[in-house]
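Open the model in a viewer and keep the selection panel at hand. The stops below are meant to be followed in order.

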Amino acid sequence: MQPNRNLLVRKLDPLQTWNPMVENYLRTTGFYHVSRIGVIRGFHPMLAALVERWRPEIHTFVLPVGEVTVTLEDVAHIFGLPIDGEPVNGWTDSSGDFLQSHSIAIFGREPSVSHFSKSYIKLGWVRRIRDAEPLDSEESIRRYVRCQIFCLLRLTLFTDKSTAYAHVKYLPLLRDFE
């Protein structure tokens with residue numbers, strides 16, 4: 001009997017190749033490995049089986065062989081992010097002034113009314129800024145990396161059903177790469 005090929009073949013979008021300066025910043029910030037994950041295009045029966053077996057009240061997959069819990073160490077290993085050292089935290093605000101001032105500091109421009117909603121910024125707007133960066137100066141490269149990390153935070157690390165918006169609470173964390 002031949003094994004199911006869907007389980008053997010990883011269906012990933014091609015990995016992004018980076019400008020060497022962008023790659024250096026991604027490595028400095030610790031987001032290089034996360035940026036290399038790619039998007040998994042699905043083996044839906046396996047995903048459906050996992051969803052059916054997830055128990056949110058105990059944060060565990062209940063499988064026929066026993067219970068499986070995803071730990072912080074598992075997440076660190078998968079994403080390649082450090083889990084020791086000082087915590088990343090800070091004060092945030094959801095006001096329009098906060099959004100405007102931090103958008104200018106991080107992205108180099110402020111979003112128009114059509115590019116944000118309450119305390120969320122449209123990721124399409126952030127991607128357009130990122131893709132328009134000429135990468136010809138240190139500040140342009142840093143702005144590109146900030147846009148990329150902002151998208152990674154929302155779409156890879158803190159994902160949910162909404163893929164169109166990201167909360168402004170992540171903006172202050174992108175000011176200083178160190």
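**Stop 1: a charged network**

Start by selecting E139, which is partly exposed, with a relative accessible area of 37%; partly exposed covers the range between buried (under 20% relative accessible area) and exposed (over 50%), using a 1.4 Å probe and protein chains only. Salt bridges with shared partners join E139 to R109, E133, R143 and R146 in one network. A salt bridge here is a side-chain nitrogen of Lys or Arg within 4 Å of a carboxyl oxygen of Asp or Glu.

Before going further, note that this is a predicted model, in which local features need pLDDT of at least 70 and side-chain atom pairs count only at pLDDT 80 or more, while totals for chains, interfaces and linings use all residues. Residues are numbered from 1 along each chain as its sequence is written, and side-chain values use heavy atoms, with hydrogens and water left out.

Add R143 to the selection: the closest N and O atoms of E139 and R143 are 3.7 Å apart. These two residues sit 4 residues apart in helix 8, separated by about one helical turn. Helices (H or I, at least four residues) and strands (E, at least two) are DSSP runs, numbered from the N terminus.

Now add E133, whose salt bridge with R143 has its closest N and O atoms 2.7 Å apart. E133 is in the loop between helix 7 (123–132) and helix 8 (138–157), and R143 is in helix 8, so this pair ties together parts that are 10 residues apart in sequence. Buried or exposed? E133 is buried at 9% relative accessible area, and R143 is buried at 17%.

**Stop 2: a pair within helix 2**

The structure holds 6 salt bridges; for another of them, select E23 and R27, where the closest N and O atoms are 3.1 Å apart. Both lie in helix 2 (residues 20–29), 4 residues apart, which puts about one helical turn between them. E23 is partly exposed at 22% relative accessibility, and R27 is partly exposed at 44%.

**Stop 3: the sheet and helix 6**

Select strands 4, 5 and 6, which form an open sheet in the order 4-5-6 with antiparallel pairing. Strand 4 (116–117) and strand 6 (165–167) are at the edges with a single partner strand each, so one side of each has no neighbour in the sheet. Two strands pair if DSSP finds at least two bridges between them; strand 4 and strand 5 (residues 120–122) are joined by 2 bridges. S117 has Y120 in strand 5 as its bridge partner.

Next show helix 6, which lies across strand 4 and strand 5 at about 45° to strand 5. Axes are lines fitted to C-alpha atoms, for helices over the stretch in contact, and angles run from 0 to 180 degrees between N-to-C directions. Within helix 6 (residues 96–107), pick Q100. Q100 is buried at 18% relative accessible area. Leaving out residues up to four places away in sequence, Q100 touches E110, P111 and F116, contact meaning heavy atoms within 4.5 Å.

**Stop 4: the nonpolar core**

Which residues touch the most other members of the largest nonpolar core? Among its 34 residues, they are L26, F31, F107, I121, V126, V145 and F150. Such a core is a set of buried Ala, Val, Leu, Ile, Met, Phe, Trp, Tyr and Cys residues joined through side-chain atoms within 4.5 Å. Helix 8 gives the largest share of this core, 10 residues.

Finish on F150: its contacts, not counting residues up to four places away in sequence, include F107, L123, V126 and Y170.
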